[in-house]
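Here are two short exercises on how parts of a model touch each other. Have a look at the structure first, then work through the steps.

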Amino acid sequence: MRLFKLEIKRILKTRATLVLLFLALGLSFVMAYLPITFSYNSYTDANGDTVKLTGLASIAYEKKLQADIAGSVTPQKVRQAVESYQACLTKYGVENSYDLPEGVYQSEIFPYAPLLHGIREAFADRSTGIAPSIMEIAPQEVDRYYEVCRERLVSLMQMEQEKHPAAQKAAVTMYEKVEKPYLFFPGYSTDAMDYQIILAFLVLLFCAIIAAPVFTSDYQTGADDILRCTKCGKIKFAVTKMISMLFITGITFTLCAVIYITVSNNLWGWECTKTSIQMLYSIVNLPNMNIGQLQCFIAIFGLVCILSNVSFTLFLSSRFKNLTASLSAALLFCILPTIIYMLLPAEIGSWIYSILPAGGNGLQTSVLYAAIDFDFWNIGTISIWLPHVMLGAYIIEIPLFLFLTVYSYVKHEAG
Amino acid sequence: MELYIKHISKQFKDLTAVNDITLQITPGVWGLLGANGAGKTTLMRMIAGIMKPTSGQILYDGIPIHELKESFRDVFGYLPQEFGFYPEFTVKDYLEYIAVLKGLTPKDSKRKINELLEQMTLSHVKNKKITKLSGGMKRRVGIAQALLNEPEVLILDEPTSGLDPGERVRFRNLLSEFAHDRIVLISTHIVSDVEYIATQNAVMKEGKLLAKGTTEELVKLVEGKVWSARIPMNRLPEYEQKLQIVNIRNEDNGQIAIRYLAGRPFTEDSLPVSPHLEDLYLWLFPTDTVSKKTFSGKND
């Protein structure tokens, strides 16, 4: 315990580490606030002037305008929204809401627009997947809204996982567990979720930068020659260093996530966290989660992912004798999932990046995108939902890389 | 108590750094002498367990040190030739850190750290960052960490480099006291550091053990090979080309007194003088600029 305390003290005395930790905490506030600035609304006032609203004022305006639709998304509400939409476009003789006269969308459709989210997706053609115009949807069909959603998921999975009936079945089973009717509370934007991912990725990078020198730096400076000759200088020392690093990165990531979620939800409004994710992403998303649960899911998942990546970085650190090489390799592995995502075909790419330690906090490969997508790992007749694969991989990788780190450190020979 | 180095060798690709060395090290101060590249540091690293021998083994009281593991490290102290510190640590932080790694209790740590800070005259800089210290002070911090656990086996690689003459004398005295019933192995270029305190010496060259014994025994190897003579100052360059000159002292009337190494006297008025360990060192490791073939008698 004394060694652990001294190691924590040592790490926290390192200026570069402190700068990165404070930067991570500061970024949590900044990143939580930034998406607020993207909110934009405008309306025409009584004098005929256009009033532009941004930030919190825009969100407040949106909440006020859509206050009536807050709560359960019942088929009746959706049908009413479809009918109102169709009536509005018919009244103005247009086929598309973009063609409406200025200000009409804002005053007549915007108040119930969130209820129309996903309606076209739900009624997409079962064989081609092409979504109809809202004008083509028969309002009475909307009475079967959640059955239509289920049918849509079945057809979607038949298209996406054509050769994998197990995946199709698993997806439907998951979707059946989703609480219905969905809930919706106005004002929130998925930008906030995206920024949580960016923050997680940045913290991942910072933690990799902090972890990369843990062993390598001692090798490079020669400090290791003294340390490993001491009574507790081998396994105990390596284990203490690893635990200290995992502790600091774990605490840092948790603090960042807590700050982000708290600040973000205070700004957007805590009631928004009750919104079902299906009302913001795909109408047939598989997880039974609301926005608040998704935020926590990403945070917990991100924590496991970051611990896995730090374990891997520590392993790299125990292997490399040169700090530049260790740092470069650590950073490369942080961005590798994104590179693989961009370079390799989707199916092979997802196989690889989902098991890479940094995958879950990657910019393109984040668990958020895996959770709102319909990807499965198919091995023979077994199909596993991608976030479950990622989580399983990290749970295996953490002890594996920690063991390899200790082994590598103990076996290290002075150069 | 005995450290037995048994047929130890270390091969680095084409280079044999240590070549079949066998040495029984008993309590006392041992001087390990040798020029750069002689293999001293490699040998010490193998004793410290931070480098594996290619062949052979090192035994402590009859048990291989790799089997003793933690229990050997518990009685071991090591100061490498070159080493790093954590730049963020003060002297006290660093010594506390090492004390914990050495398994000292909080009470013993405090006592021993204060004692060593005093002995190493580091008390006034104990709260200073190590990076801010002079080379000599850093070396003293290094020595202090090696002594923290009062080791039975203490290995010091060039411990006095960077120390001023006063510090070296203090260090020698400290070590002489400390070495009672302990094994202390010191490698150094500064022969005078071990000449006064070493009970035994081992001389290495090109990875091999050339000689071992007490200082008195070793200097006998160069008995009759150390001379002093007076020569005209203007002929010094000529003599320097031909002789291994150990010492030069200016005298009156354009004359200088030289102390040189040679198998036989170079001048008629040369007088034999008592050899020192440094003479042996220079005899075994002559400087490249000196041509000795004619007079050294080494190849005779």
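Domain bounds here come from an automatic or database domain assignment. Keep in mind that the model is predicted.

**Exercise 1.** Work out how chain A splits into domains, and describe the side of domain 1 of chain A that touches domain 2 of chain A.

*Solution.*

Step 1. Start with the bounds: domain 1 of chain A covers 2–37 + 188–411, and domain 2 covers 40–184.

Step 2. Now place the two: taken over C-alpha atoms, their centres are 35 Å apart.

Step 3. Count the contact, using C-beta atoms within 7 Å as the cut-off. Domain 1 of chain A puts in 23 residues and domain 2 of chain A puts in 31.

Step 4. Find the elements on the domain 1 side. Those giving two or more residues are α2 (15–38), α12 (235–268), β5 (376–379) and β6 (382–385) of chain A. The largest share, 3 residues, belongs to β6(A).

Step 5. Sort that side by class: you get 11 nonpolar, 11 polar and 1 charged residues.

**Exercise 2.** Which elements of chain A give two or more residues to the side that touches chain B, and how does that side break down by class?

*Solution.*

Step 1. Get the size of the contact: 21 residues of chain A meet 27 residues of chain B.

Step 2. Pick out the elements: α1 (2–13) and α11 (223–227) of chain A each give two or more residues. With 5 residues, α1(A) supplies the largest share of the chain A side.

Step 3. Finish with the classes: the chain A side holds 9 nonpolar, 5 polar and 7 charged residues.

Key. Residues are numbered from 1 along each chain as its sequence is written. Chains are lettered from A and ligands numbered from 1 in the order in which they are written. This is a predicted model: local features need pLDDT of at least 70, side-chain atom pairs count only at pLDDT 80 or more; totals for chains, interfaces and linings use all residues. Two residues are in contact if their C-beta atoms, placed from the backbone, lie within 7 Å. Helices (H or I, at least four residues) and strands (E, at least two) are DSSP runs, numbered from the N terminus. Ala, Val, Leu, Ile, Met, Phe, Trp, Tyr, Cys and Pro count as nonpolar, Asp, Glu, Lys and Arg as charged, and the others, Gly among them, as polar.
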